[in-house]
Amino acid sequence: MNNYDLSFTDILVDDDTIMVVGSEIDWGLYYNNYNAKILVFDFDGKFIEEIDFKFDTPSLKIDSLIYDGEYYYGVGLNDETVLLDEDAQYYYIRKTTDYGLFKIDSNFNVVWFEKIDTTVIERTYPKNSGSAYAYTMERDSYIDFTPDGNIVFSYNYKDNNSIKVYKYDKSGKQLFKSDLGGSEFSSTWDSDLVLSLVSTDDNGVIVGGYLESLDVIDLAGNSDAFYMKLDKSGNVEWIKYL
């Protein structure tokens, strides 16, 4: 096994193996590309194999992955950095990042990608800085199956510090999108974050994390930990603070 500059994101376990989901990072003069991969181990920790995901963009990162016995479903991003121009002193670049839901077959080919958000960053970097690349605006995301066979996942919008929870069917059709939280009363990034998600027996979802904004409900104080129940249609049933 090689030594990786690897960003760990998730673990899948079956009867025989442990699959560590992550992304190798390729650092360039004006970019940083993700190479999504899985490292497979047995239960004694012995390395078995390395698996690359297959997608038609130079950069792919999977944040969270689930498997139904036939297909994998993951939430993450793909992006591309373009050198717009350069001169003796500077690189001028544009980085476009698409975020969304992936369906992936058993050979780790991406079957389809449903985009939910795009970020475009344009930057100028001095050539002598030693760090001439555009960081990806990353979002922490979590995913699960519901008992009725659909997919729920969370997505943290760093542009306005809000939380989105989505439900899709396995064909890629969106069933609901719930907007939770926001940044109207907060000036810091990541003011509202989902840090865990699990489906419920009634095909709803419970999410947990913390809130700093006042968009959902009045808070007891700043940066409150919370957990929240959404019904099968994405409506908030209740919210508790810790």
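A salt bridge is a side-chain nitrogen of Lys or Arg within 4 Å of a carboxyl oxygen of Asp or Glu. The model is predicted, so that local features need pLDDT of at least 70 and side-chain atom pairs count only at pLDDT 80 or more, while totals for chains, interfaces and linings use all residues. Residues are numbered from 1 along each chain as its sequence is written, and side-chain values use heavy atoms, with hydrogens and water left out.

**Exercise 1. Salt bridges**

Task: Find the partner of lysine 167 in a salt bridge, and state whether each residue of the pair is buried or partly exposed.

Solution. Step one is the contact: lysine 167 forms a salt bridge with aspartate 148, and the closest N and O atoms are 3.5 Å apart. Step two is the location, for which strands are DSSP runs (E, at least two residues) and helices likewise (H or I, at least four residues), numbered from the N terminus. Lysine 167 belongs to strand β11, whereas aspartate 148 sits in the loop between β9 (141–145) and β10 (151–157), and the pair links distant parts of the chain, 19 residues apart. Step three is the accessibility, where buried means under 20% relative accessible area, exposed over 50%, and partly exposed in between (1.4 Å probe, protein chains only). Lysine 167 is buried, because its relative accessible area is 4%, and aspartate 148 counts as partly exposed at 39%.

Task: Describe the salt bridges of lysine 170 and lysine 95 in the same terms.

Solution. The structure holds 11 salt bridges. In one of them, the side chains of lysine 170 and aspartate 68 meet at 2.9 Å, N to O. Lysine 170 lies in the loop between β11 (162–168) and β12 (174–180) and aspartate 68 in the loop between β5 (59–67) and β6 (72–86), so this pair ties together parts that are 102 residues apart in sequence. Lysine 170 counts as partly exposed at 28% relative accessibility, and aspartate 68 counts as partly exposed at 30%.

The side chains of lysine 95 and aspartate 79 meet in a salt bridge of 3.7 Å, N to O. Since lysine 95 lies in strand β7 (residues 90–104) and aspartate 79 in strand β6, the pair ties together parts that are 16 residues apart in sequence. Lysine 95 is buried, with a relative accessible area of 0%, and aspartate 79 is buried, with 1%.

**Exercise 2. An open sheet**

Task: Give the order of the strands in the sheet that contains β14, and identify the edge strands.

Solution. Two strands pair if DSSP finds at least two bridges between them. With this criterion, 4 strands form an open sheet in the order β13-β14-β15-β16, with antiparallel pairing. β13 (193–199) and β16 (236–241) stand at the edges with a single partner strand each, so one side of each is left without a neighbour in the sheet. The twist averages 20° from one strand to the next, where axes are lines fitted to C-alpha atoms (for helices over the stretch in contact) and angles run from 0 to 180 degrees between N-to-C directions.

Task: Trace the bridge partners of isoleucine 206 on both neighbouring strands.

Solution. On one side, 6 bridges join β13 to β14 in the antiparallel sense, and valine 198 stands opposite isoleucine 206 in β14. These two strands form a hairpin with 5 residues between them, and asparagine 203 in the turn has a positive phi of about 70°. On the other side, β14 (residues 205–211) and β15 (residues 224–230) pair over 7 bridges, again antiparallel, and the bridge partner of isoleucine 206 in β15 is lysine 229.

**Exercise 3. A hairpin and a buried aspartate**

Task: Characterise the pairing of β2 with β3.

Solution. Strand β2 (residues 18–27) and strand β3 (residues 32–41) pair in the antiparallel sense over 10 bridges. They form a hairpin with 4 residues between them, and the bridge partner of valine 20 in β3 is leucine 39.

Task: Locate aspartate 117 and find a polar contact of its side chain.

Solution. Aspartate 117 is placed in strand β8 (residues 110–126), and at 13% relative accessible area this residue is buried. Its side chain makes a polar contact with the side chain of tyrosine 155 at 2.8 Å; such a contact is a pair of N or O atoms within 3.5 Å, of which, within protein, one must be able to donate a hydrogen and the other to accept it, and residues adjacent in sequence count only if both atoms are side-chain atoms.
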